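Please take a moment to look over the sequence and the 3D structure shown here, and then follow the explanation below with both in view.

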Amino acid sequence: SQKMKRIKNFFEIIYRYSLFFIAAFSFLFLSSLLLNRQAMFNYNNKHYYHAIVKLDLALKINPFLFPAYFNLGNCYFDLEDYPHAADAYKKSIVLNPKNFEAYENLAMVYCLQKEFSKSLAILDIAKRRGGFSVSMASLRKDVYKLYVAQTMEEGMNFILKDNLEQAIERLKKTIALAPEFAMAYHNLGHAYFLKGDFENALTYLQKSIELDPHNAAALALLGEMMLQVKDFKKAAIYFARAAFLSPDNAKIHNNLSFAYYQCDNYEEAIIHMRKAFALQPQNVTYWHTLASILRDNGDYDEALKHFLGIAKKQPDIIELHSDIAGIYFLNGKVEEGRRELDEETRQRKKRLSENPDDIDSLFVLAKVYKDEAEYEQAQEVLNEILKRAPHLKEQVFDMSVVLESIMLAKKDELKEQRQHTTVSQDAVYLKNGRQIIGRIVHLDQDKVVLEIALPETIGTVTLNNRLIEKIERGS
């Protein structure tokens, strides 16, 4: 019938068009495969750009050709175009989740971009999907180490930038990744130390030493922390352990010497100060400290030899004249001591004329006025220092007390005291480190009266006990 003819014609048309579409699709599919094969030939010959052009064309023809995405990722990888390589590998994985080589390559790309967390995540996905090969396990181990190192480096950079909160956060992350990493605990303890949180600093530094008993740096840092809290005995213990592990570290010997000195163990202090100076003979500070400890231990001749050696090597250190003069006075060589003080005054006046606005120079001017018995002018200079540098009020106060005491002292009282008192040479150290050389002529619970050898005259100084840090008696 007519109706059956129409139905038959319709199906014939559908059949013909279907054959056409099948033929066209087959042609395009085969073309994309051919382009992919040609691209691989170009890739193997290191013609990466030609390969990329063919692969892009193949993917335009067939967007679902997952081998082309993988090959495209390889081309970009070898060209070190890692962002494009990552995009290609991700598309390859979406279209073919069982292509585990794409997972490994993508993890390597993230690693090279220093995105270690992403690299580890991709490898973990591959492991869950059952494609974790031996090479992937090796790669994951290497990436993990790099990730730990990265968080450690970030933490140390934050410490250098004085961003301690961020440093602590990063270093805690490092410890979470590597709980047995001793240096991470050390650096975290260091961050807490710089922050002033000694309790946490102590916890993490001790953990670092527990994991690595040979960590001299952590022991030295614990010693520095004990110095901060003025627990000099513990500081000496930590520094001694650090010095045993790192005998060529001059700074550790210097700090150990200071800790022993504060414990009144001058013999050990001298031994380790000698070691520090022997390791760094060009360090004048170590040399000066050694001379000072020898002086305080009563070995005036050797101390004088070192002070004179420093003065010969660096004559621009004006303060050395006071040190040398002090030893001359202690040895009874008043004239030599006065010559040294006169030379110091001359050099200080010269420095003051060259830089009159310098705070140190103003202190020098005050001292010059004091030595010349111009006490009111000296006090005016001290008041000026206090205006310019309020943070130096303790030093100004100490010197003001000395000036006031000098002005109130009477020569007749000194003569009377001389008749009834046996005197001895002494050195008094104020809190600010200033040293006054003289002879004690009176000592009781309330005050100390000294006879002071000044450049031009003999005067007396009365000091309240609260200002005195240490008194050393001569013979």
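The paragraphs that follow go through a few helices of this predicted model, with attention to their ends, their burial and their contacts.

A good place to begin is helix α13, which covers residues 250-262 and spans 19 Å from its first C-alpha to its last, a length close to the 18 Å expected at 1.5 Å a residue. Just at its start, a side-chain oxygen of N249 reaches to within 3.1 Å of the backbone nitrogen of K251, while just after the helix, D264 takes a positive phi of about 65°. How much of this helix is buried? Ten of the 13 residues of α13 are buried, so the helix is largely enclosed by the rest of the structure. The buried residues are A250, I252, H253, N254, N255, L256, S257, A259, Y260 and Y261; here a residue is called buried if its relative accessible area is under 20%.

One neighbour of α13 is helix α11, made of residues 216-228, and the axes of these two helices come within 11 Å and cross at roughly 35°. The crossing of α11 with α13 is left-handed. Where they meet, α11 contributes A220, E224 and L227, and α13 contributes K251, I252, N255, F258 and A259. Sorted by class, this contact has five nonpolar residues, one polar residue and two charged residues. To see how residues spread along a helix can face a common partner, it helps to recall that an α-helix has 3.6 residues a turn, so residues three or four places apart point the same way.

Further along the chain comes helix α15, residues 284-296, which has 13 residues and reaches 18 Å from its first C-alpha to its last, close to the 18 Å expected at 1.5 Å a residue. The N-terminal end of α15 is capped by N283, whose side-chain oxygen lies 3.0 Å from the backbone nitrogen of T285, and after the helix comes G298, with a positive phi near 90°. Helix α15 is mostly covered, with ten of its 13 residues buried, among them Y286, W287, L290, I293 and L294.

The last stop is E302, which belongs to helix α16, residues 300-313. Which residues does E302 touch, leaving aside those up to four places away in sequence? They are R274 and L294, and L294 has already appeared among the buried residues of α15. With R274, the side chain of E302 also forms a polar contact of 2.7 Å.

Methods: Residues are numbered from 1 along each chain as its sequence is written. This is a predicted model: local features need pLDDT of at least 70, side-chain atom pairs count only at pLDDT 80 or more; totals for chains, interfaces and linings use all residues. Side-chain values use heavy atoms; hydrogens and water are left out. Helices (H or I, at least four residues) and strands (E, at least two) are DSSP runs, numbered from the N terminus. The expected span of a helix is 1.5 Å times one less than its number of residues. Buried means under 20% relative accessible area, exposed over 50%, partly exposed in between (1.4 Å probe, protein chains only). A polar contact is a pair of N or O atoms within 3.5 Å; within protein, one must be able to donate a hydrogen and the other to accept it, and residues adjacent in sequence count only if both atoms are side-chain atoms. Axes are lines fitted to C-alpha atoms, for helices over the stretch in contact, and angles run from 0 to 180 degrees between N-to-C directions. A crossing is left-handed if the near helix is turned anticlockwise from the far one by less than a right angle, and right-handed if clockwise. Contact means heavy atoms within 4.5 Å. Ala, Val, Leu, Ile, Met, Phe, Trp, Tyr, Cys and Pro count as nonpolar, Asp, Glu, Lys and Arg as charged, and the others, Gly among them, as polar.
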